[in-house]
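Biologist: Can you pull up the model so we can go through it together? I have a few short questions.

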Amino acid sequence: MFTSESKFMDIYQDALKVMSAQTVEYIRGIQIIKIFKTNVESFKKLHNSIKDYSKYAYKYSKLCKLPFVLFQWIFYGSVAILMIPIVLNLKRLDPYNELILNIIMFLFLSGLILVSIMGIMYAGMYMYEANYAVDNLEKIYKEMDENKIRFGNDEVFKNYDIKFDHVDFSYGSKKVFEDFSVEFKQNKIYALVGESGCGKSTLVKLLSGFYNLDDGRILIGEKPIEKYSKNALSKNIAFVFQDSKLFNMSIYDNLKIAKEDATDKEIKRAIKLSYCDKFINNLPNGINTIIGEKGVYLSGGEKQRIAIARAILKNSPIIILDEASSAIDSDNEYKIQRAFSELMKNKTVIMIAHRLSSIKNVDEIIVLKDSKIIQRGNHKDLIKENSQYKKQFEMYEKANEWRL
């Protein structure tokens, strides 16, 4: 009876899903709210999602009231009601000793039945939640399969110039890019800057072939990315995410994912350049230490440095850094920037950065707002102007002085 209203339960679970998503998005955005002047809209969305969920949670409680009260009356009230006439007429009943034993057994059995039915109830609830989760996953996989890029067979790139040519893209009904064009020249380093939600991460994901375009083209080496094979794109683009993931196996095996035929010398070089050598040497089994479940756990900064080591080892001509130094402490930031300078030589690099101190020396900074380019130039030129970038940089400098 608790889950009899399946349509309502779907609405209830959807409200819970939205609230969870908005909470995660809001918490992730806290660190950049002030710097990039994110308005109250993100908090408003979170507030509204909590109100919606509380409304449906209250309705769910009311839906459960009748069946649960009846349930309690049956297992608690019936025992109490039966006990009154039995106790009053106990001496008239013969043999009453046997009756007392039956009553005690009945009390024990009623408790056992109560626990069993409660277990069945929770099992039913979990079954519903599991089916809901599986249906959502199947829907996501179906949409991903329908929208994925159909790759070609080309393996060779003429050059590594990148061009977004009148690109239109949307997440469902939410428009992200409309008639968007930009070029990234080979062997130059670019930084994408802008407020949260302006399209920075979407831009680099489109370049990596994660989504299909609504219209327009993305070209690498004067060819649309659809002409290349999936393996060619994967081999020639190294991507370091903001929240890097490692597998539950040794550090050595995690690094080898980037380049299966890498030599020990190449691996040692990547470890040294990413400044992983010190903490790896302190692990129980060094580079062969298992990480994750049933192994050691690494800090966020250590995980990110291993991800950077993977990018160095892969040695792709195109490198995308999605806030790759966000979890690096200030003591190691200078070292990592030196490692990046080695990694980026003679490569086409696109960086997404909220830590503005890390992009002072790039060839060009591209400032995005509402998925449009509003400014571009190097740090020295942009900081001289009374520009959006200058305001953001000054706010970033002030934010470095904040303490919690």
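**Hairpins, sheets and charges**

Modeller: Start with the hairpin that β4 and β5 make, which has two residues between its strands. In its turn, G221 has a positive phi of about 60°. Keep in mind that this is a predicted model.

Biologist: How many bridges hold β4 and β5, and in which sense do they pair?

Modeller: Two bridges, and the pairing is antiparallel. I220 has K223 of β5 opposite it.

Biologist: Which residue takes a positive phi in the hairpin of β1 and β2?

Modeller: G172, with phi near 65°. That hairpin also has two residues between the strands. β1 covers residues 162–171 and β2 covers 174–184; they run antiparallel and are joined by seven bridges. Y171 faces K174 of β2.

Biologist: What is the strand order in the sheet that holds these?

Modeller: β2-β1-β4-β5, an open sheet of four strands with antiparallel pairing. The edges are β2 and β5 (223–224); each has a single partner strand, so one side of each is left without a neighbour in the sheet.

Biologist: And in the middle, how many bridges between β1 and β4?

Modeller: Five, again in the antiparallel sense, with β4 spanning residues 215–220. D165 is opposite R217 of β4, and D168 is opposite D215, also in β4.

Biologist: Back to K223. What does K223 form a salt bridge with?

Modeller: With D154; the closest N and O atoms are 3.0 Å apart. K223 is in strand β5, while D154 is in the loop between α3 (96–147) and β1, so the pair ties together parts that are 69 residues apart in sequence.

Biologist: How many salt bridges does a search of the whole structure find?

Modeller: Six.

Biologist: New topic. What is the order of the strands in the six-stranded sheet?

Modeller: β6-β7-β8-β3-β9-β10. That sheet is open too, and its pairing is mixed. β6 (237–240) and β10 (372–377) are the edge strands, each pairing on one side only. On average, neighbouring strands in this sheet are turned by 20° against each other, ignoring direction.

Biologist: Parallel or antiparallel for β3 and β9?

Modeller: Parallel, over five bridges. β3 runs over residues 189–194 and β9 over 364–369.

Biologist: Which residue in β9 is the bridge partner of A191?

Modeller: I365.

Biologist: Now the surface. Which residues form the positive patch?

Modeller: K55, K59, K62 and K65. Of these, K62 is placed in helix α2, which covers residues 41–88.

Biologist: And which ones form the negative patch?

Modeller: D10, D14, D135 and E138.

Biologist: Which elements give two or more residues to the negative patch?

Modeller: α1 (6–29) and α3. E138, for instance, sits in helix α3.

Biologist: So α3 comes up twice in this chat. Where was the other mention?

Modeller: In the K223 and D154 pair: the loop that carries D154 lies between α3 and β1. For the negative patch, α3 is one of the contributing helices.

Biologist: Last one, on the edges. Which strands stand at the edges of the four-stranded sheet, and which at those of the six-stranded one?

Modeller: β2 and β5 in the four-stranded sheet; β6 and β10 in the six-stranded one.

Notes: Residues are numbered from 1 along each chain as its sequence is written. This is a predicted model: local features need pLDDT of at least 70, side-chain atom pairs count only at pLDDT 80 or more; totals for chains, interfaces and linings use all residues. Side-chain values use heavy atoms; hydrogens and water are left out. Two strands pair if DSSP finds at least two bridges between them. Axes are lines fitted to C-alpha atoms, for helices over the stretch in contact, and angles run from 0 to 180 degrees between N-to-C directions. Patches are made of residues with over 30% relative accessible area and no salt bridge: like charges are joined within 9 Å, nonpolar side chains (Val, Leu, Ile, Met, Phe, Trp, Tyr) within 5 Å. Accessible areas come from the Shrake-Rupley method with a 1.4 Å probe; for residues, only the protein chains shown count as cover. A salt bridge is a side-chain nitrogen of Lys or Arg within 4 Å of a carboxyl oxygen of Asp or Glu. Lys and Arg count as positive and Asp and Glu as negative; His and the chain ends are not counted. The place of a charge is taken as NZ of Lys, CZ of Arg, CG of Asp or CD of Glu.
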